[in-house]
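Subject: The structure you asked for

Hi,

Here is the structure, ready for you to open alongside this message. My notes on what turned up in it follow below.

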Amino acid sequence: MVSARLAPLERPPKRVVARSCCRGAYLRGALLGGGSVSRTHLELRTGERVGAEFIVQLAAVEDIQLRLQERPGHVIAYAKGGETIAEVLAAAGAAGAVLTFAERAVVGGAKSRANRLANADHANLVRSSRAAGTQLRALRRLQRRGALDRLPDELRELAGLRLVHPALSLRELGLKCHPPATKATVHRRLQKLIRLAEP
């Protein structure tokens, strides 16, 4: 929309955006003329505050909440978060973009979850490996002193199991005990063995 002097209008006449389809067309024009979209941020740039305020009001009529921010030389109406961005795109008639946007969000979320799980698994393996190394060093000290044979039956059994199976988890070691022991019991016994091995 332009004025009689052919300058862009910051606020078009009400009749131009009276219907939902017209508001969608206006949002589409704002996106094409001064919009940018990323996975987490959408902004519609205007030259003056009144133009950005109008876009925020227009979106609100369609139940879409946009925010306003002034920057040097221009003002933006913006949205953060995938759901609001998808709503703006849908209102602007960009159904294909909404689907692409949603697909990327799902794929990005799946990758993030996979990375978090992989990092957690790696951290658990490192912790378990360090703990097993500490246990083995303690058991070898006890072995050198000839102290393993003087231990109570349950500690001697667990010491032998850890020496034979250095890579087993606490739960797996517990299942090999007679009778089977819980993970917590195995942990307590190993901590006792470590303390006994201290000089």
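Strand E4 is mostly covered, with six of its seven residues buried. Please keep in mind throughout that this is a predicted model.

E4 belongs to an open sheet of four strands, ordered E1-E2-E4-E3 and paired in the antiparallel sense. E1 and E3 are the edge strands, each pairing on one side only. Ignoring direction, neighbouring strands of this sheet are turned by 25° against each other on average. As general background, strands of a sheet pair through backbone hydrogen bonds, either parallel or antiparallel.

If you would like to walk through the pairings, you could begin with E2 and E4, which run antiparallel and are joined by six bridges. Three pairs are handy landmarks here: His 41 has Lys 80 of E4 as its bridge partner, Glu 43 is partnered by Tyr 78 in E4, and Thr 46 stands opposite Val 75 in E4.

E3, residues 67–71, pairs with E4 in the antiparallel sense over five bridges. Within that pairing, Leu 68 stands opposite Ala 77 of E4. The hairpin of E3 and E4 has two residues between the strands, and Gly 73 takes a positive phi near 90° there.

At the other edge, E1 (residues 35–37) is joined to E2 by three bridges, and the two run antiparallel. Ser 36 has Glu 43 as its bridge partner in E2. The hairpin that joins E1 to E2 passes through three residues.

How is E2 placed relative to the rest of the structure? Five of its six residues are buried, so E2 is largely enclosed by the rest of the structure. Helix H1 lies across E1 and E2, running at about 85° to E2.

H1 also holds a residue that may catch your eye. Arg 23 is in helix H1, and with a relative accessible area of 12% Arg 23 is buried. Not counting residues up to four places away in sequence, Arg 23 touches Val 17, Ala 18, Leu 58, Val 61 and Glu 62.

Next, the nonpolar interior. In soluble globular proteins, nonpolar side chains tend to be buried together. The largest nonpolar core in this model has 22 residues, and Leu 31, Leu 42, Leu 44, Ile 55, Leu 66 and Leu 89 touch the most other members. At least two residues of this core come from each of H1 (20–34), E2 (41–46), H2 (49–61), E4 (74–80), H3 (82–91) and H4 (95–145). Another core, of 19 residues, lies apart from it and has Leu 151, Ala 159, Cys 177 and Ala 181 among its members.

Leu 89 is a good place to look inside the largest core. Leaving aside neighbours within four places in sequence, Leu 89 is in contact with Leu 31, Val 37, Leu 42, Ala 94, Ala 97, Val 98 and Phe 101.

Further along the chain, which way do H5 and H7 lie relative to each other? H5 (residues 153–164) and H7 (residues 183–197) pack at an angle of about 90°, their axes 10 Å apart. H5 and H7 are therefore roughly perpendicular to each other. On the H5 side the contact is made by Glu 154, Leu 155, Leu 158, Ala 159 and Arg 162, and on the H7 side by Val 186, Arg 189, Leu 190, Lys 192, Leu 193 and Leu 196. Sorted by class, this contact has seven nonpolar, no polar and four charged residues.

Finally, two backbone details. Most residues other than glycine have a negative phi, and most peptide bonds are trans. Asp 63 has a positive phi of about 60° although it is not a glycine. Asp 63 is found in the loop between H2 and E3, and with a relative accessible area of 69% Asp 63 is exposed. The other detail is the peptide bond from His 178 to Pro 179, which is cis, with omega near -5°. Pro 179 lies in the loop between H6 (170–176) and H7.

Happy to go through any of this with you.

Best wishes

Methods. Residues are numbered from 1 along each chain as its sequence is written. This is a predicted model: local features need pLDDT of at least 70, side-chain atom pairs count only at pLDDT 80 or more; totals for chains, interfaces and linings use all residues. Side-chain values use heavy atoms; hydrogens and water are left out. A nonpolar core is a set of buried Ala, Val, Leu, Ile, Met, Phe, Trp, Tyr and Cys residues joined through side-chain atoms within 4.5 Å. Buried means under 20% relative accessible area, exposed over 50%, partly exposed in between (1.4 Å probe, protein chains only). Contact means heavy atoms within 4.5 Å. Axes are lines fitted to C-alpha atoms, for helices over the stretch in contact, and angles run from 0 to 180 degrees between N-to-C directions. Angles under 35 degrees count as roughly parallel, over 145 as roughly antiparallel, 65 to 115 as roughly perpendicular and the rest as oblique. Ala, Val, Leu, Ile, Met, Phe, Trp, Tyr, Cys and Pro count as nonpolar, Asp, Glu, Lys and Arg as charged, and the others, Gly among them, as polar. Two strands pair if DSSP finds at least two bridges between them.
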